[in-house]
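The questions below take up how two helices pack and where unusual backbone angles fall.

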Amino acid sequence: MFDYLTDTVNNDTSIILNDTNVCHISLIEKGFKSQYGLCDDYVSSIIVSGIFLVFHFSLVVVSLSGLLYQYFKLYKANKLKEINHLTARGLSLLILPAVWGLIFSIIILSRVMVNRKVFSCFIFVLTYFNAVPIMALPIILRTIRLISLMKINEWKVVIANEQKKIVNEGITKIELLQENKLNLRNASNQNIVEESTIVLDNSFIGTTEKEIKTLNNEVVQKYSRYIKIFAMFTNNNFALITFFSAILFHTILFVMCGLINDFTSSSYFVADSKVFTFSHGCGMINYSQIYFGTTMGFYILIGSVTMTITFFIKRDTLFVKFEIIPLVINWLVVGTVYLIPSVISPVTTLVEYYFPWVIVILIAVVIDTIITCTIPVFIYYPLSKNHNNNTISSTPITKDQIEETRLEKCLKDPVVNKMLVDFATRSYCPEDILCWNSIQLFKKANKKKRAAILKHIYNDYLKVDATMELNVNRAAANNFQEIQDWINNYNHRKDSSAFPEDSLVKNLEFFVLHNMLDIFDRFTKAYEKELTKF
């Protein structure tokens, strides 16, 4: 059933030159002969393989050239941390599938063009053993990255809301407890209550004050840990390590199976040959097909789990989730088109040698490259870049005009603010809006709250490698030195009665508003009717 990339032959160690299980009778009548479990290819098979390989090679070269050019421009503009249609997909998951898909195509089709009977059995079987992870792992890794990105940004919003809740409710609670403490002390002086009650109350107040000073509690700590863990799954190194670890694992299996095949009296994996042979080719037989079927079932199981989870997460605005649907349809349809005819003898013994049936699978590889690399590079990203340029030129923001922008008016509306936070979360970049909300919380807060909120803004948004670090030009912002200096002075100041002024966050507010221009432009296009009053 899983006659993949193979020619089905009898498990016979003797070389048969007229085996109709390998060569169709019509081919034998034309002088074709079977050898090493293989038949001769007709000239049409060689021509089709060559044309397809040139097309596939050209597609990958053009796609990767465009990708590297766009990444070079991002690097020159110091925008590699900026979330867009390319960075959201991860550089490793844009390059790896395209490159390895092409390598797979080169090896399989070169085997046809050179002559199956001549092409190294060792190279072919090694490729065969790694075929499933090469094709299946990229989809699984994309779903893992998508799930992780969405959950990370959702948790950032949870943390921001929890910290706002601490500020709004926690300090009020402290003030009430302090008032109760004063009343209890007065009552104690009148012998109405015992002093132990006051001690218990002081302990409770102290715990709450600690949460206020750090804007931190169990909920914030829990989701901060989750973010750190899931951030590993979005790292390019995770995709690289996972992919090459899988290739190494399957290569070790190939070596083990090759040793079993070559050092036993019967051929288990290849026909009329040894696996560790470079001088001629070979056809695959029974146990190779069992291995392929088992491996494919394992990866389908993992992929089914990750894709099922993917369907339950929010739809992102950069079409990363949208890509999963055509990718799944692509592999299901093409896989079915390939597998069903491949169990029919006339296909494996006749059609295969006029038209390499493996090209059906390679079509899926090409479609995969187009969906996940070519389209994002040449369609999605250029369109988003044009939107960004139009927005910046038509909606300028200056430090003296911040209050006059449409963006600011929308942010001040609670309903629209919540919609924009959700939209930014689904775009994997809610940090700027959450920071802006914290700035407004700071500006509206009384003196007792301001120092704590400013520390929270610095620790969560401005420090390098912070949980919600902003993507800003630190040189242009002077690394927000004013805020850092004020906090340092406050920490060493014995008198804590001083409080930060609005002017400390004015520069920061300018930068986060400017960062929001692109996301706001896409937001206004998506919610044009809802924003008519603005």
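Axes are lines fitted to C-alpha atoms, for helices over the stretch in contact, with angles running from 0 to 180 degrees between N-to-C directions. Helices (H or I, at least four residues) are DSSP runs numbered from the N terminus. This is a predicted model, in which local features need pLDDT of at least 70, side-chain atom pairs count only at pLDDT 80 or more, and totals for chains, interfaces and linings use all residues. Residues are numbered from 1 along each chain as its sequence is written, and side-chain values use heavy atoms, without hydrogens and water.

Q: Is H15 parallel or oblique to H16?
A: The axes of H15 (residues 447-462) and H16 (residues 481-492) come within 11 Å and cross at roughly 130 degrees. Angles under 35 degrees count as roughly parallel, over 145 as roughly antiparallel, 65 to 115 as roughly perpendicular and the rest as oblique. The crossing angle therefore makes H15, relative to H16, oblique.

Q: By class, which residues form the contact of H15 with H16?
A: With contact meaning heavy atoms within 4.5 Å, Ala-451, Leu-454, Lys-455, Tyr-458 and Leu-462 in H15 meet Ile-483, Gln-484, Trp-486, Ile-487, Tyr-490 and Asn-491 in H16. Ala, Val, Leu, Ile, Met, Phe, Trp, Tyr, Cys and Pro count as nonpolar, Asp, Glu, Lys and Arg as charged, and the others, Gly among them, as polar. By class, the contact of H15 with H16 has eight nonpolar, two polar and one charged residues.

Q: Is Tyr-428 buried or exposed?
A: Tyr-428, in the loop between helix H13 (414-425) and helix H14 (431-444), has a positive phi of about 65 degrees although it is not a glycine. Buried means under 20% relative accessible area, exposed over 50% and partly exposed in between (1.4 Å probe, protein chains only). With a relative accessible area of 2%, Tyr-428 is buried.

Key: Helix = DSSP H or I, 4+ residues; strand = E, 2+ residues; numbered from the N terminus.
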